[in-house]
Structures are given as C-alpha cells and as structure tokens.
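Let's work through this one together, a question at a time. Have the sequence and the 3D view open as we go.

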Amino acid sequence: MTDITPSDARPTSRGTATEAVRRSLARRNRKQLVLQGFGIAAIILAISMLLILLTSIISTGYHAFTQTHIQLEVYVDPEEIPAEGLPRGGFDDVLAAAMGAHFPAVDLTDRAATRELTSILSNGAQFILRDKVVADPSLIGQTVTLKVPVSDAYDQLNKGLVQRDTAEQFRRVDDAAIARFDRLDELGLISTPLNTALITNADSRFPELAGLKGALIGSFWALLTCFLISFPLGIGAAIYLEEFAPKNRFSDFIEININNLAAVPSVVFGLLALAVFIGWFGLPRSAPFVGGLTLALMTMPTIIIATRAALKSVPPSIREAALGVGASKHQVVFQHVLPLAMPGILTGTIIGLAQALGETAPLLLIGMNAFITSAPGSPFDSATALPTQIFIWADSPERGFVSRTSAAILVLLTFLIMMNALAIFLRNRFERKW
Amino acid sequence: MSQEHIASAYDRDLEAVQAMIMKMGGLVEAAILRAAESLEKRDEEEAEAVRRADAAIDALEQQVNEDSARLIALRQPAAGDLRTILTVMKIASNLERIGDYAKNMGKRTSVLVQMQPVEGSAGSIRRMAKQVELMLKDALDAYIQRDPELAEDVRQRDMDVDQMYNALFRNFLTFMMEDPRNITACMHLHFIAKNIERMGDHVTNIAEQVIYLVEGEMPADDRPKRDRTAFETVGPEA
Amino acid sequence: MDDLRQHLQVAGDEEVKISARNCQVFYGDTHAIKDVDVDILDKTVTAFIGPSGCGKSTFLRCLNRMNDTIDVARVEGEILMDGENIYDKKVDPVQLRAKVGMVFQKPNPFPKSIYDNVSYGPKIHGLARNKAELDEIVERSLRRAALWDEVKDRLQTPGTGLSGGQQQRLCIARAVATEPEVLLMDEPASALDPIATAQIEELIDELKQNYSVVIVTHSMQQAARVSQKTAFFHLGNLVEYDDTGTIFTNPQDPRTESYITGRIG
C-alpha cells in the first residue's frame, strides 16, 4: 500500500544545479538592480521637471493674486459731475483733484503735470468711480473714500519687480514718480489686498484690471454644452456597439474608426467645426456653444471608449444571473450592467471633459480668442475660454500680463486637478461592488 | 479496464491488495493439501504444522480488510474498481473460512492418529480435498484472468464434491452400524468430510464473486446442490 | 445497489419533464453536442457528468436557451418541455427562463440587497400585485433555499456581503422566486467549501420535491450523492444515461467505466 518512489536524484547533479542557479542568480539580480535604477532615475527626472514647471509658474504667478491699491478721499464735485449729466462727467478731474490734495506743489492746471500725477492710478479708476456714482447719485456733493488699483508700472514697483537700483533710463518709472509713490506709501494710502478682480473682472487691456470672469464663464458654457452632447451620445453609442450591435465587419470598421478618432489632432476638429458649424450652419463665431460642440466632437470618442471598457469590465456572471431569472436584453443592460459600469463611465467622462477644458487649438480656430471685455450672458455670446485667455495674455506686451498668464495657468490647473480628483474619488467610491 | 488510472498510486494500491489475495490463496491451497496428506499418512507433526500455519492466513485476511478499508476511504472507488475491492474482501473472507476448516482438519487428524484407521476413508478424503484444492486454484485463476467461464466451470464442479461427500456420508453410516467401536473415528472423519464440502461451498462463493466482478451481477440461477445428506436416512434395517 | 429512497419515489412521479430528441449544438464550426436523446424526469435530480469540454454545460444551457445569447451558437433538433418544443418560434426565451431557473457555478448575486436579489425576478415578471405579496414571495423563496433564518434580520444588506455558501443559496432563492418548474444548476458547489457544499446538496435533495433539478457537476461523488439519474457525456455525445446507482456500480459503456473510475480525464 505504501507508495515508495525510487529515488533517482543523484546528489552530484543536484549540487551542480544549485551551483548553476547561484551563478545565474547573481546575474539576474544585477539586471534587476539596473532596471530598478533606470526606473528610479526616470521617476526622479519626471518629478524634477514637474517641480521646475510648478515653481516657475507659481513664482511668476503668485504676484497676480495680489493687486496694489491706493486709497483716495474723493470729493464728488457737483460742478464737475452734474447729476443730470450721468453717466457722463469729469470723473478723471475729480480723481486728479483727490490726488492733488496729497501733492500741493503740483499745479493741477498743468495738464502734463496732472497726467503724470494721475498715472499712478489705473485707467479704470475713473470707471470705478463712475459706476459707484451712477449706482448711487446721492453721492454727488459728498466725499467718497475710494480704493482703486494702481496702474501696472506702480504695481510692479510696489511688488519689487521694478528694481530701484536700475539706472533711471531703463526703468518704467522715473525717480520723481518713485518719490511720489513713496510719499503716498508713507501716508499709509497704499495697500496690497487679494486680487479678487482676477476672478470677478472680465478681460481688459490693462493688466491691473484684467480678470478671468469671461474666460471662466465661457469655459463653463462650453463644457456644459460639450457634456450635454457628448455624454448621452457617447454612452448611447457605446451601449449599442457593446451590447446590441451584431459583431460583423461593419461594427469592426466603426470600432476602428472610433479608436482612430480619439487620436485625431484637436486642431483638425477645430477646422471641421469652422467649416461645418460656422460655415454651413451659420452659428455665431466665438460662441461657447460652438466651442462646446467642437469639444464634444473630441470628447465623444474618449467617452465611447471609456464606456465600452466599463461595460466590458462588468462580469459576465451578472449578465448571466439577470438573463437566468428571465430579464430581457434591455433589462439586463439598463438595470444591471449600466449601473455597475457607471463609475467607470463617469471617470472616463470627467477625464474627457478635463481634457476638453484644457484644449486650445480648436477654440482658436472658431474664434474663441476674441478680445471681449464683458462676461458672456449666454452660450451664444462671444467669449473666451480659460486656455484661450491664457493664450491671449501670453501674447500681450504689458509686463503685468506675465504674472497674470501664470496665474491663469494656475487657475486652469486647479480646475483640472479638481476634476481628476473627482474622477479618482468616484472610482474608489464605487469600485468593484460585486 | 485495461487502461491505467490517472493516479498511478491508485493502481499500485489495487495491485498490492490483490497480490495479498494471491498469497493468501497459495497458503490456503497448501493448507488443504497438507491437511489431507497428514490425515492419510497419519502424520501428527504435519497436522500440527497445518494448525499453526492458519495464523498467517488470519493475519493476511486482517491485512486485506484494513487495506481495502483504507482504499475505499481514500480513493472512493466506483464501478469496476469498487467491485474489485468488494470482491477482494469477500474472497479474503472466504479464504479465511477455508483456512479455518483446514485447521479443524488438522485438529481432528491429531485425534484420529490415536485410533484404529477406518479402512479406505483417508484416500477418499484426500481425493475430495484434491478436488476442492483444484477448484480453488481455478477460481483464483479465474479471478486473475477475469474469466467468468472458468468461474462458472468451478461453480459446476462443486456438484462433484457434494456427491463425493454424499458417498462418504453413507460409507461412514454403514461403518458405524457395522461396528460401534468405529463411531468416534467415523464421527471425526465425517466432520472432516463435511469441512471439505464446506470448503467447496466457499470456493463456489469465490467463483460467484468473480462472475459478479466481471459481469456486474451475481449469477441469477441457484447454486447447484448435490448435498442430499440433509434428507438422508439410513435405517438400522438397511 | 440503487438509491434506497428511490423505490419510495418511483411510485409517485415518473413523468417526463423535458425530453431532447436528436439535439445538436454547433459553436461556429465546432459540433459541440451530437445527437443527444434524453428524457429528464419531473421531481428528480438528474446529474450530468463528464470530462471538461464534453458538452454537459452546453447541453444544460440549451434547456433554458442560454445559448441564444452567444451569436455563433446554433441548436438543432427538438427539446420538448411538457411536450412543447422550447425552440419553437412561438416560445419567448424570456418566458422560458422564468419557467426554467438557473444557478451558476460562481455565486453571482446582484450587487443589491438580499431582498432586491430575490424580488427581482417576480418584479420583472409581474408576479406580485403589491408589496405584501412580494414580501411573501421573498420569504417563501428564502425559506425554500434554507436561508431565511440566517438573513431574515438583514434583508436590506447587500447580498454580496454573505458567505460563499449563503450567496449560492441566495442565488437558488432568486431562481425559485419566479416559481420555475425546472432548476438548472451549473456546478453549483464547485466554488464552495465542503460544509457549504453539503448544505447545497441537502437543499438540492429537498428541492426535488417540487422541481425537476438538473445539475452539472465535476464531482462524481456529488453526482452520486444528490442525483437519482446520471447522464455521462463524452466528446459531445451522451454516452450513457441510467439510474445513478447503476452508473456508479455497473456502467454498461467502457467509456463511462473509465471515466468514473478515474482512467480518462
């Protein structure tokens, strides 16, 4: 009954085998170490690149998150600004008078001197005052405490971006201007609060006034349009292809085309949109709606591919279980498979939308890089989007736009990180319940 | 059934337990012949040896039972394998009984040598024993070769043994009636003859088991019986 | 040699529930099932055994037309259930599957609550008119699956949180909830430990009071333990179909013998 296997293993051969394994082991370990080394080096390289990028963006961009303001006591002179003349009036003269109060030596009748004095103020200062007075005409004849942004050059000076030890002829502000600014600073009128205008203002020629409101709203409309079109269409197409379409050459052909479509350069979609949406359909240029349509074209393949992958990953046992109790095909898909695939679909969709949010080229082609100083009221108004705004600012000559470009990039990155975080959250939250 | 099991250890286990049966069969055959011989030659020592040898047969049966139980528990045999194991156990048990009868013959021989021999009886008993021993040999061959025809043949030959027993039965009755001094010896001799007849029955059991092993069913017809002594009466007037 | 309980049952019901005639299944060019003729009895456990790829699962899936979901699968011949050909054009597979429940190899409860798992079938088939009736169906089904006492206090917890054996009994409860007449089981205990397997086997033995149970199993011992009839499949052929006791002690076909004694895989 006992099972005795004759032992035919010779100790000598066993010994040499061990020896051979030991020798090859050293070689294999060395290879593994080299591979690990390359891997670690690659990761370090990638992380350092990322750090360099972030440092350079943040170091130039953080200036834009504050804005130098000056506080003025403005007497709203009824002679300069008559109530019946609103919204017209001599707002610049009133501001000049308020400035002149701190510099009694300046002759306010000398236009050149006055201009030099008021150059501290942003060009938008008079409009801020105007809006305030128009909103409340009873201010006429009273003294208003007004906090207005200083112009770009003085903002740079205050933030230390204009070196005082540079020779005067190479500086944007001369010694007299610096002296005036320092005097105001000594009086405690200069402050550097958080730059809310960056979010609440639309674009402007003047960096101290320029903000991202128009771009944010434009991006929002575009993404909403993109989502509303690509999500249902993409999911519908994916469900049909994955669950219902017969597997034949035609469906293979469609599948290959969808996969290729996902790899088409975005600028091509821009050209297509320009020709079709604007050329044929006559939709307005620069409109977020058209931008959204264009982005939807780009996002749809991504959503279709993500949805199909999510549907495929639902275990067949669930389908069988549902079929086994007598569910029909569409009940299986809509009551069992789709709910289980939803986290994967949403993750794919969000990543697709994040990609769309950062997309620039197709929006440039349909004119969403227009200079528009007011936020769009509807998806059909002209607008910019975040990436095109960055593009516009990066192109602008004013020094103040350098830091604003970086700041806008940071805002864009923040949105992208938030969207990706949401995708990761959804994935972990609903991961593999079966 | 010519194929081997996927688990070769199963085959080895099955062969081992069947080898034990063959060994047991050899011991039992020898026991039958030696018991009959010792009776004929009135050899007390040989009879004693037969009695002692039975312990080895009993031990083997024990071993076969244990190994079979182990095999059933570990391998869960089915169909042909199951029938093999069942057959092995039954054969072992029948062989053990035959061994016991041989041992009993040895005991009675030890007593008989002290007495006057009964004329002609020893030769008849030896022939009967030889017949049974041949049947056992054939039954075991039938088992080895899985030969149901040979087994059926063995079954039929049991009738001859029964007839031999009938003849001896009548002989002994006659002897006892002729001379009451023969009664003790004749009674012992009769038991020996009866033992051999029973051995034949056990051999028949083995043969039937072989038929079951091969065909999956026990032979349907009743075992042929020629032992009519149960109805035999021999009056004093006869 | 036969199952000792069988003589008790023979008197009751010997009627044929499903009979296959000349059944063929093709997967593309592969002839997976060849000429199968079999009569499956009502209120009886029938086991399909055979080596992997022998077609036993394929044939099982013919009985509730699960093969319909595979594009390349094609079934020929007749499969009659209560005399009606289930492959007739008139027969809707969805309706058939409500009558022929199925339990799969791996416990596959829906990732929903225990209650929803059991009530899903009755809900989609409209078997309950109101909540109370549905509750009753759920309780009855869970009782039949010998699971009620273990889960009655946590019907709203996810079915996936149960142990493997409990999940499989939940799947049985889900299958019996639609009041089927036949229960198909595709290796229902192969993913379970021996205790859970014993519970499932005990349950199968009870289920045969009400249903015709067909079970595919890789474990010959399991087939021997739970079934009254056994069919042996080999290379797409139905080699032998007989009382389980006969198959396991005295099979007629040498292929069956070789398989159940462990000589061919």
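Q: How many residues of domain 1 of chain A are in contact with domain 2 of chain A?

A: Two residues are in contact if their C-beta atoms, placed from the backbone, lie within 7 Å. In this predicted model, four residues of domain 1 of chain A contact four residues of domain 2 of chain A. On the domain 1 side, the classes are one nonpolar, one polar and two charged. Here Ala, Val, Leu, Ile, Met, Phe, Trp, Tyr, Cys and Pro count as nonpolar, Asp, Glu, Lys and Arg as charged, and the others, Gly among them, as polar.

Q: Where do the two domains of chain A lie in the sequence?

A: Domain bounds come from an automatic or database domain assignment. For chain A, that gives domain 1 as 65-195 and domain 2 as 213-429. Taken over C-alpha atoms, their centres are 46 Å apart.

Q: And what pLDDT does chain A average?

A: pLDDT is the predictor's confidence in each residue, from 0 to 100. Chain A averages 87, with 96% of the residues scoring at least 70. Residues 1-9 of chain A fall below 50, and this stretch has seven contacts in the model beyond near neighbours in sequence.

Q: How should I read the numbering and cut-offs?

A: Residues are numbered from 1 along each chain as its sequence is written, while chains are lettered from A and ligands numbered from 1 in the order in which they are written. Because the model is predicted, local features need pLDDT of at least 70 and side-chain atom pairs count only at pLDDT 80 or more, whereas totals for chains, interfaces and linings use all residues.
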